[in-house]
Each structure stands twice: as C-alpha cells, then as structure tokens.
Amino acid sequence: MKTKNVYYSVLLFFAALSLYSCTDVENKESYTGRSEGPATKLNVLRNDSPVGDALEFSMGTTSIILGVECDGDWTAEVNSDWADVSNHAGYGYFDRNSYLKLIVNKNEGDARSTTLTFKSGSLTRTITLNQKGTGTDPGDTFPSSYTTLENFKMGYNLGNTLDSWPVGDWWIPEGKSPTDWEQGWGQPITTPEIINAIAERGFNVIRVPVTWGPHMDEDGNVDAEWMARVKEIVDMVIDAGCYCIVNVMHDTGASSTAWLIANMDVYPTASVKYKKLWTQIANTFRDYGDHLLFESFNEILFTNSNDGWTAPAAGDGAYEAIRKYHQDFVDAVRATGGNNEFRNLVINPYSAGNSQVVLDEMVVPQDKHSNHIMMSVHSYDPYNFCNNNGEWNTFIFDNTCTKEVDDVFNRVMTCASNLGIPAFFGEFGAIDADKDLAERVKYAKYLAEKFKANGTTGLWWMGLMERKTLVWYEDDIVKALFGE
C-alpha cells in the first residue's frame with residue numbers, strides 16, 4: 001500500500017505541475033506529503049484566493065483552474081451536462097493544494113445555473129455555477145460577441161491607408177483630397193479589386209484603421225468628404241462578404257499630433273471631442289448590419305511621446321482614463337440607436353498591449369445590452385523576431401520564441417475569461433521582411449495553431465500582398481496562416 005501511495009503521489013505531483021504550466025500559479029518547492037486520517041479542512045481556491053458561494057461565467061466557453069485545499073482524499077461532481085471537471089477526485093496533503101480544471105461550455109440559450117460539489121469524508125463544499133445566456137433584449141437580432149468571434153476566420157489590416165497622417169515640409173495638407181491622404185504613406189487608392197483579392201484569399205475580417213484628427217475642424221466636426229470615403233471603403237469590405245472593423249487610429253499613439261491621450265488631466269477636454277467623433281461615426285453607419293464592428297481606439301498611451309510605450313504601474317491614472325474613454329465610447333454608440341443598439345464593440349488595453357499589468361487594469365464598460373463587447377490586443381511577440389530591433393534581433397523562431405508566444409496567449413485568454421468577454425488579436429505579424437522567410441513561416445504556422453487551440457483568431461498587419469498588382473508576394477506565410 002505504501003508503494004502504491006507513493007506512485008499516486010508522484011503521478012499527482014506531475015499532473016499538478018502540468019496544470020501549473022497553463023496558469024500563473026507559482027510552483028512550490030517542497031511538500032510534507034500525503035495526510036492520513038479524516039479530512040479537517042476542505043477549501044476551494046482560484047488564483048490562491050478563496051472561492052465564495054458562486055462563480056459567474058459569461059456565455060462563452062470558459063475553463064479555469066481551481067485549487068482544492070484539503071488534507072483528506074476528495075471528490076468533485078458537477079450536476080449538469082454543460083460543465084465538467086478534469087479531475088473528479090484527488091488526494092489530500094498537509095501543505096499543498098490539488099488542482100482541477102473546470103470547463104463551462106458555451107451557452108446558446110437562457111441564463112443557467114448548476115452546482116459543483118466537493119466532498120471529503122464528512123465535509124462538503126458546494127459552489128453554484130451561474131452562466132449568462134444570449135439574453136432576451138427586444139429587437140436584438142445581432143449575434144453575440146462570442147458567436148461573432150467564432151465566425152471570424154483570419155483577418156487582415158488595411159494599414160497605411162485611411163490611417164495615414166503625413167507630417168513634414170514635403171506634405172502640405174491644404175487642398176488635399178481624401179484619396180491624396182489615402183496615398184500619403186505609400187499605398188494605392190483602395191479599390192473593390194483590392195478588397196476582393198483579400199477576401200478571395202480567405203481573410204474574412206478586414207480592419208480599416210482610420211485617423212480622424214486631420215479631417216476634423218476645431219469644433220470636432222468630421223469633414224463630409226472624408227466620412228464619405230470611409231463609408232466607400234467600408235462598403236467594399238461588406239460587399240466582399242467580410243466583417244469590417246472601423247476604429248480611431250493614430251489619434252492616439254507616440255506622435256506630436258495625437259490628441260486622444262490616457263491621462264486624467266487631458267481627459268475632460270479630449271472626452272468631449274471623442275464622444276462627438278463616435279456619435280458622428282455611429283450615425284453614419286447606424287443602419288449597417290452585424291458585419292460591421294466598431295473599435296474604441298488604437299494603441300492609446302499616457303503621453304504622445306515615445307515614453308508612453310512603457311506601461312505605467314498598476315493604479316496609475318492612465319488606466320482610469322482608459323476606463324472612462326471606453327464608457328464614453330459605448331454610451332455614444334448606443335445613444336445613436338438603430339442597429340447600433342446591439343452592434344458588437346471592441347475595447348483595448350493600454351497600448352493594446354498584452355503585459356500582465358495592462359491586462360489586470362482592464363474593466364468592461366457598462367452596457368445597456370449584454371454579450372456585445374469583445375477585447376482586442378496586439379502582439380508582435382517575440383518583439384526582436386517580429387520587428388527589426390538592430391543588434392538585438394532574433395533571427396530563428398525557436399523554442400524560446402514559442403515559449404514567449406505561449407505566455408502571451410495564457411495572459412490574454414486568462415484575462416478574457418476573468419472579464420467575461422471574448423478576445424482576439426487585432427494586430428499580429430512577423431513584419432520584419434529582413435528575417436528569413438522560412439522562419440517567418442514557422443511563426444505564422446505556430447500562431448495559427450495557437451489561435452485554433454484558444455478559440456480565437458488574429459488580423460495580420462498589412463503586407464503579404466502588393467496592392468498595386470494584387471500579387472501575393474509572401475504567399476507561403478498566407479498558406480501557413482490557413483494551414484494549407
């Protein structure tokens with residue numbers, strides 16, 4: 001019996017370690033070993049904190065790790081067919097927890113509840129599992145954010161186009177037409193042929209980044225010709241059968257021209273302009289269907305200088321400003337009515353980043369309707385591989401790189417689960433063309449696998465195709481993204 005107990009202890013030890021690898025739980029170095037006799041404690045933990053009488057879940061598929069603090073053998077049982085636990089039983093220990101994974105399946109119907117019950121000897125611990133449903137809002141015919149994300153295949157950013165904001169002596173903005181601005185960063189005028197080529201290659205989500213600042217007067221009114229050109233390109237995307245994401249782009253970022261800044265001193269003034277901007281955008285597209293999504297803003301920083309790329313410490317006012325902007329965004333769009341009542345909306349962390357601090361500071365804005373908000377993050381990770389970083393460049397996509405990508409996905413998907421909203425990668429890509437194509441293909445293949453494994457997707461940052469000729473000059477990367 002002693003040999004058997006040692007065997008199972010070792011087996012459980014390695015099983016626990018495998019669960020640790022999927023979470024942020026810190027490994028412990030030494031254990032007293034199994035306890036003997038009846039259990040005297042039975043506690044359930046999440047992220048090392050006690051779980052209360054209930055756990056709340058969004059309507060999407062969710063999995064979380066729970067710790068069982070028990071000094072006797074225990075069992076776990078879920079009283080439903082829409083939730084399950086990976087380990088139905090475990091051993092008790094003096095000084096460490098057992099772990100199990102709780103899986104809650106997507107809910108296509110009304111809100112529902114069930115119970116998760118732990119037992120050890122005479123001790124019982126019951127936790128109610130509550131999951132949101134699709135909702136019964138009158139007139140809501142739009143798919144939920146979860147269903148919409150499920151319909152996303154692979155995405156593409158129509159970058160350096162409507163987002164261009166040329167500066168310098170060579171650029172004289174007076175008298176420039178919308179298509180002049182559109183070509184300001186070297187891309188051709190967008191045509192249905194370009195959009196159709198992207199769609200026909202398999203990309204069914206096209207993000208149309210838009211910079212609005214140079215096309216607004218001092219009262220915040222958007223130039224009518226500029227809005228009309230934005231509408232023309234959105235129509236091209238929708239007509240091609242794709243989902244379209246419209247945002248507020250280089251109005252944020254590390255540029256002297258950026259005006260939307262994550263700073264509470266700036267917020268009172270910027271908020272007025274921001275809400276007026278989104279009211280105009282939303283009114284323009286009020287009657288568009290569910291294939292059009294709005295994204296709050298791009299990579300917002302606490303300053304419009306390069307210093308802003310370093311994320312502030314937890315609790316900084318930058319995060320409060322972001323939360324207020326997000327609420328402004330939701331309120332302004334919903335107030336325009338029509339299909340905007342239920343349109344799916346996209347919010348972003350600070351700098352659209354994926355570090356632990358910016359994800360921990362994310363809060364979902366209040367919405368008058370449920371299940372129509374999702375989160376987007378950007379990932380050019382590993383940075384020294386995906387970008388050209390001079391002497392620090394990484395040229396081989398090796399196991400160190402895959403570990404860094406794994407860590408990003410673990411952070412992002414855990415954050416989304418905790419927030420109760422789905423998440424996708426609004427920008428990604430190995431965009432340094434000086435790196436060997438074969439290595440960049442390895443990156444694309446690995447990212448595609450990670451997207452699939454995590455039930456999400458990403459939008460590659462432009463490139464891959466020469467828009468002037470419609471030639472896919474890096475088709476090997478495209479093939480890797482689609483598993484061809």
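**Cavities, strands and a few single residues**

Six nonpolar residues and two charged ones make up the lining of the second largest cavity, with no polar residue among them. This comes from a predicted model, and the cavity in question has a volume of about 40 Å³. Who are the residues that line the second largest cavity? They are Tyr-319, Ile-322, Arg-323, Pro-349, Tyr-350, Val-358, Glu-361 and Met-362. Arg-323 and Glu-361 are the charged pair here, since Asp, Glu, Lys and Arg are the residues that count as charged. Helix α7, which covers residues 317–335, chips in three residues, the largest share of this lining.

The count comes to three cavities of 30 Å³ or more. The largest has a volume of about 50 Å³. Of the 10 residues that line it, the closest to its centre are Leu-45, Asn-47, Asp-48, Gly-67 and Tyr-99. Sorted by class, this lining has five nonpolar, three polar and two charged residues. Which element gives the most to the lining of the largest cavity? That is β4, with three residues. Strands β1 (42–46) and β4 (62–70) each supply at least two residues of the lining.

Strand β4 deserves a look of its own. Seven of its nine residues are buried, so β4 is largely enclosed by the rest of the structure. The cut-off behind that statement is a relative accessible area under 20%. Strand β4 has β1 as a partner, and the two pair in the antiparallel sense over four bridges. Within that pairing, Asn-43 stands opposite Glu-69 in β4. Strand β4 also pairs with β8 (residues 98–104), again in the antiparallel sense, this time over seven bridges. Here Gly-67 stands opposite Tyr-99 in β8. Those two names have come up already: Gly-67 and Tyr-99 are among the lining residues closest to the centre of the largest cavity.

Next comes an open sheet. In general, strands of a sheet pair through backbone hydrogen bonds, either parallel or antiparallel. This one has five strands in the order β3-β10-β9-β5-β7, with mixed pairing. Which strands sit at the edges? The edge strands are β3 (54–57) and β7 (89–90), and each pairs on one side only. Further in, β5 (residues 74–78) and β9 (residues 112–120) pair in the antiparallel sense over four bridges. Thr-75 has Lys-119 in β9 as its bridge partner.

Two single residues round things off. Glu-439 lies in helix α11, which runs over residues 437–453. Is Glu-439 buried or exposed? Its relative accessible area is 12%, so Glu-439 counts as buried, the cut-off being under 20%. The side chain of Glu-439 isn't without a polar partner: a polar contact of 3.0 Å joins it to the side chain of Lys-442. Leaving aside neighbours within four places in sequence, Glu-439 is in contact with Phe-385, Phe-395, Ile-396 and Phe-397.

Pro-192 sits in helix α4 (residues 192–200). With 40% relative accessibility, Pro-192 counts as partly exposed, because that label covers values between the 20% and 50% cut-offs. How far apart are Pro-192 and Asn-410 in sequence and in space? They are 218 residues apart along the chain and 38 Å apart in space, taken C-alpha to C-alpha.

Definitions and conventions: Residues are numbered from 1 along each chain as its sequence is written. This is a predicted model: local features need pLDDT of at least 70, side-chain atom pairs count only at pLDDT 80 or more; totals for chains, interfaces and linings use all residues. Side-chain values use heavy atoms; hydrogens and water are left out. Two strands pair if DSSP finds at least two bridges between them. On a 1 Å grid over the protein atoms alone, a cavity is a set of points where a 1.4 Å probe fits but cannot get out, and a pocket is an open set with protein on both sides within 12 Å along at least five of seven lines; lining residues have an atom within 4 Å of a point. Grid points are joined across faces, edges and corners, and a volume is the space filled by probe spheres set on the points. Buried means under 20% relative accessible area, exposed over 50%, partly exposed in between (1.4 Å probe, protein chains only). A polar contact is a pair of N or O atoms within 3.5 Å; within protein, one must be able to donate a hydrogen and the other to accept it, and residues adjacent in sequence count only if both atoms are side-chain atoms. Contact means heavy atoms within 4.5 Å.
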